[in-house]
Amino acid sequence: MNESLNNTMSWFVKNKVFCSTGSLQNRLSMAIGINSLGFLSCCRRLLSRLGIAVTPDMIHFLQIEDRECSQRLAKLKTAN
């Protein structure tokens with residue numbers, strides 16, 4: 001059950017991290033943040049709270065990811 005919930009709730013975040021492990025709570029928190037705020041806003045807020053400067057290159061990357069995420073969600077909504 002835990003792995004099933006983990007895979008369902010955090011597919012995007014789980015399959016895009018570049019570390020060997022991550023806790024379920026962290027992945028769920030990111031999934032909820034992205035769902036609530038949107039990908040771009042969630043990432044910008046997280047980077048800001050971590051004290052990481054957001055460069056124009058990072059903003060461009062996040063905007064592209066946000067657009068792709070929004071398109072994927074819209075496609076899923078129209079399929080149902």
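Setting aside neighbours within four places in sequence, Gly38 is in contact with Gly33 and Asp66. In this predicted model, Gly38 belongs to the loop between helix 3 and helix 4. Gly38 counts as partly exposed because its relative accessibility is 23%, a value that falls between the limits of 20% for buried and 50% for exposed residues. The loop residue also has a distant part of the sequence beside it in space: Gly38 and Ser70 are 32 residues apart along the chain, yet their C-alpha atoms are separated by 8.4 Å.

From this loop one may step back to consider the whole chain. The chain contains five helices and zero strands, and its pattern along the sequence is α-α-α-α-α. Of its 80 residues, 21% count as buried. The area that the chain exposes is about 6,200 Å², of which carbon and sulfur atoms supply 58%. Among the contacts with a separation of 6 or more, 19% are accounted for by residues 24 or more positions apart.

Which residues make up the largest nonpolar core? This core has seven residues in all, namely Ile34, Phe39, Leu40, Cys42, Cys43, Leu47 and Leu62. Helix 4 gives the largest share of the core, with five residues. In soluble globular proteins, nonpolar side chains tend to be buried together.

Ile34 is a member of this core and is placed in helix 3, which covers residues 24-37. Its relative accessible area is 12%, so Ile34 is buried. Between Ile34 and Cys69 there are 9.7 Å in space, C-alpha to C-alpha, although 35 residues separate them in sequence.

The cysteines deserve separate attention. How many disulfides does the chain have? The count comes to zero. Cys43 is in no disulfide, and the nearest cysteine sulfur, that of Cys42, is 5.5 Å away. A pair of cysteine sulfur atoms must be within 2.5 Å to count as a disulfide, so a separation of 5.5 Å does not qualify. Cys69 is likewise in no disulfide; for this residue the nearest cysteine sulfur belongs to Cys43 and is 9.4 Å away. Is Cys43 buried or exposed? Cys43 is buried because its relative accessible area is 10%. Cys69, with a relative accessibility of 12%, therefore also counts as buried.

The path now leads to the loop between helix 4 and helix 5, where Val54 is found. With a relative accessible area of 28%, Val54 is partly exposed. Apart from neighbours within four places in sequence, Val54 is in contact with Leu47 and Ile59. One of these partners, Leu47, is a member of the largest nonpolar core. Val54 and Arg44 are ten residues apart in sequence, and the distance from C-alpha to C-alpha is 7.4 Å.

Leu50 lies in the loop that runs between helix 4 (39-49) and helix 5 (56-79). Why does Leu50 count as exposed? Its relative accessibility is 57%, and Leu50 is therefore above the limit of 50% that exposed residues must exceed. Together with Leu46 and Ile52, Leu50 makes a nonpolar surface patch of about 270 Å².

Terms used:
Residues numbered from 1 in each chain as written. Predicted model: local features only at pLDDT ≥ 70, side-chain atom pairs only at ≥ 80, totals over all residues. Heavy atoms only, no water. Patch = residues over 30% accessible without salt bridge, like charges linked within 9 Å, V, L, I, M, F, W, Y side chains within 5 Å. Areas by Shrake-Rupley, 256 points an atom, 1.4 Å probe, with all protein chains shown as cover. Salt bridge = Lys/Arg side-chain N within 4 Å of Asp/Glu carboxyl O. Helix = DSSP H or I, 4+ residues; strand = E, 2+ residues; numbered from the N terminus. Buried < 20%, exposed > 50% of the residue type's maximum accessible area, 1.4 Å probe, protein only. Contact = heavy atoms within 4.5 Å. Core = buried A, V, L, I, M, F, W, Y, C linked by side-chain atoms within 4.5 Å.
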